[in-house]
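Visitor: I'm new here, so could you pick one part and take me through it slowly?

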Amino acid sequence: MKHHPDRFSDQKDKDKAKERFQKLSEAYAVLRDEMLATRVSARPLLRGTRSVHLSTTAVLDNSYSALRLIRKGEQVVVAPQAVKSVSKASNGVQIATYDERGPASSLAIVVKAGSRFESPDGPGVAQFLKNTVLRAPPGDNLTRFIHSAELRGNTIYTSVDREHLIVAAEFLRDDLVDIVPALVEQITNRAMQSYEFLDARGLVVAEATASLADPTTRAFEALHETAFRSGLGNSLFSAASSAKALKRQHIYDFTDNNFTPDRIAIVGTGVAHEDLTELVEKAFAGKQLPAGGAAQSTASKYFGGEVRIEAGAKSQALYSVAFPSPAFTSSDYAAAAVLANILGGSRTKWGTVGGATGLLSSAVTGSASVAPFNVSYSDAGLIGFVIRGSNEEVKAAAPKAFATLKGAASKISEETVAAGRKSVIVDADAQREKQIREVGRHVLANGNFPTAKEFADAVKQVTLSDVQKLAKSFGSAKPTVVAYGYLRQLPFADQL
């Protein structure tokens with residue numbers, strides 16, 4: 001631009017600049033194609049001095065394509081693959097990492113301490129523990145612990161499901177050195193002040209009340225209780241009467257029975273395995289985990305049955321039907337995932353009714369919706385559908401959806417299986433919290449975990465006969481049925 005004519009006020013200088021500027025423009029036009037073909041884009045990676053060479057930046061010109069990518073120099077052709085590692089600490093705790101080598105990390109302590117492992121005299125203790133596992137360390141207070149994490153921009157959370165209790169954090173990679181000892185301190189802290197216990201009781205009751213006020217949550221709780229009765233049938237939530245009956249000793253006993261080395265996995269994503277292993281060894285130094293021995297859970301047994309929940313004539317209705325499905329540890333799990341996808345069909349981020357292209361979609365009309373589900377555990381699972389809508393709409397849709405599910409094997413083709421495989425692979429990757437949970441539950445069940453690629457490879461092996469075999473099993477199994485709404489209008493199980 002230093003030769004642009006507008007920069008000069010004297011006419012002679014302006015004329016000379018104009019002539020030179022035109023020559024430079026012509027020269028640039030001649031060389032432009034070659035320059036674009038060899039131009040170096042100075043876009044360094046997070047580490048090193050590698051750079052990407054692009055064949056073009058003129059993406060609006062049909063003569064060039066942004067899809068033509070030329071990599072030269074030190075830049076690798078593909079991004080570095082994530083590193084998967086599994087080992088055991090000296091105290092027996094399992095350590096699993098999946099390092100994508102990015103700047104953000106997650107760490108979770110996953111314990112086989114879900115509601116499945118509650119004793120008959122302590123219902124709801126898992127939910128209670130989820131709300132009290134973060135508490136004041138001896139000689140310190142919880143406020144300082146939470147505040148220090150917030151100052152670093154970290155997120156710490158707890159969750160519980162039917163098989164696992166999770167204490168986890170999301171943070172920047174460099175904060176691993178602070179997160180590991182902090183979380184280990186929490187799960188090994190036996191001290192619980194009376195005020196902490198009493199404060200948690202009100203929170204537990206409020207959380208359970210709010211959750212069970214949702215018809216879907218209430219129906220799924222009833223579905224599990226009817227299907228499995230105990231174990232996986234234990235509720236995730238503590239009723240008010242149960243919460244009031246719990247004492248600190250119930251939590252101590254539950255912790256002693258379940259927080260044993262063989263039932264704990266420390267899972268990290270975006271962290272180096274050797275770094276995590278060293279920090280875990282240091283964090284557990286001088287700490288004694290309970291020996292346990294009483295946390296015995298019998299193998300899950302499916303029963304099936306029916307439960308009906310009256311909600312009144314003006315309520316919205318919900319109708320759910322489920323059959324037994326493979327555990328996530330089974331070789332048939334991938335086939336179950338594909339079948340659930342075929343039942344539900346493709347989904348859009350913005351739309352009206354979910355699953356509008358699946359096998360079940362033809363069962364509903366009006367404002368009603370139908371969605372499949374496939375929930376899996378270490379030794380059992382449930383697959384089925386849930387219908388939501390007015391009582392009249394659900395009454396009409398339930399028999400149609402049930403007939404579709406029972407006859408799904410004859411309606412599945414090679415094309416639908418191929419589409420289902422692709423959708424399952426795309427949907428498999430999710431947010432960090434789900435990834436942490438998946439890694440943790442596989443490690444505790446098998447001592448290993450599948451990467452996204454390994455799971456995708458398993459899904460690609462699913463055949464039409466695999467999916468049809470699973471669908472045909474619906475004909476011999478007793479269904480689990482939950483009806484919620486105005487029961488005078490909703491059909492019984494034997495009327496489907």
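Guide: Let's look at the part followed by Gly345, whose phi is positive, near 80 degrees: helix H10, residues 333-344. This is a predicted model, where local features need pLDDT of at least 70 and side-chain atom pairs count only at 80 or more, while totals for chains, interfaces and linings use all residues. Residues are numbered from 1 along each chain as its sequence is written, and side-chain values use heavy atoms, leaving out hydrogens and water.

Helices here are DSSP runs of H or I, at least four residues, and strands are runs of E, at least two, numbered from the N terminus. With 12 residues at 1.5 Å each, counting one less than the number of residues, H10 should span 16 Å, and its end C-alpha atoms are 17 Å apart, which agrees.

H10 is mostly covered, with 12 of its 12 residues buried, meaning under 20% relative accessible area with a 1.4 Å probe, protein chains only. Among them are Tyr333, Asn341 and Gly344.

Now for its neighbour, helix H15 (464-472). The two pack at about 80 degrees, axes 9 Å apart; axes are lines fitted to C-alpha atoms over the stretch in contact, and angles run from 0 to 180 degrees between N-to-C directions. That makes H10 roughly perpendicular to H15, a label for 65 to 115 degrees. Ala335, Ala336, Val338, Leu339 and Ile342 of H10 meet Asp466, Val467, Leu470 and Ala471 of H15, with contact meaning heavy atoms within 4.5 Å.

Conventions:
Buried means under 20% relative accessible area, exposed over 50%, partly exposed in between (1.4 Å probe, protein chains only). Angles under 35 degrees count as roughly parallel, over 145 as roughly antiparallel, 65 to 115 as roughly perpendicular and the rest as oblique.
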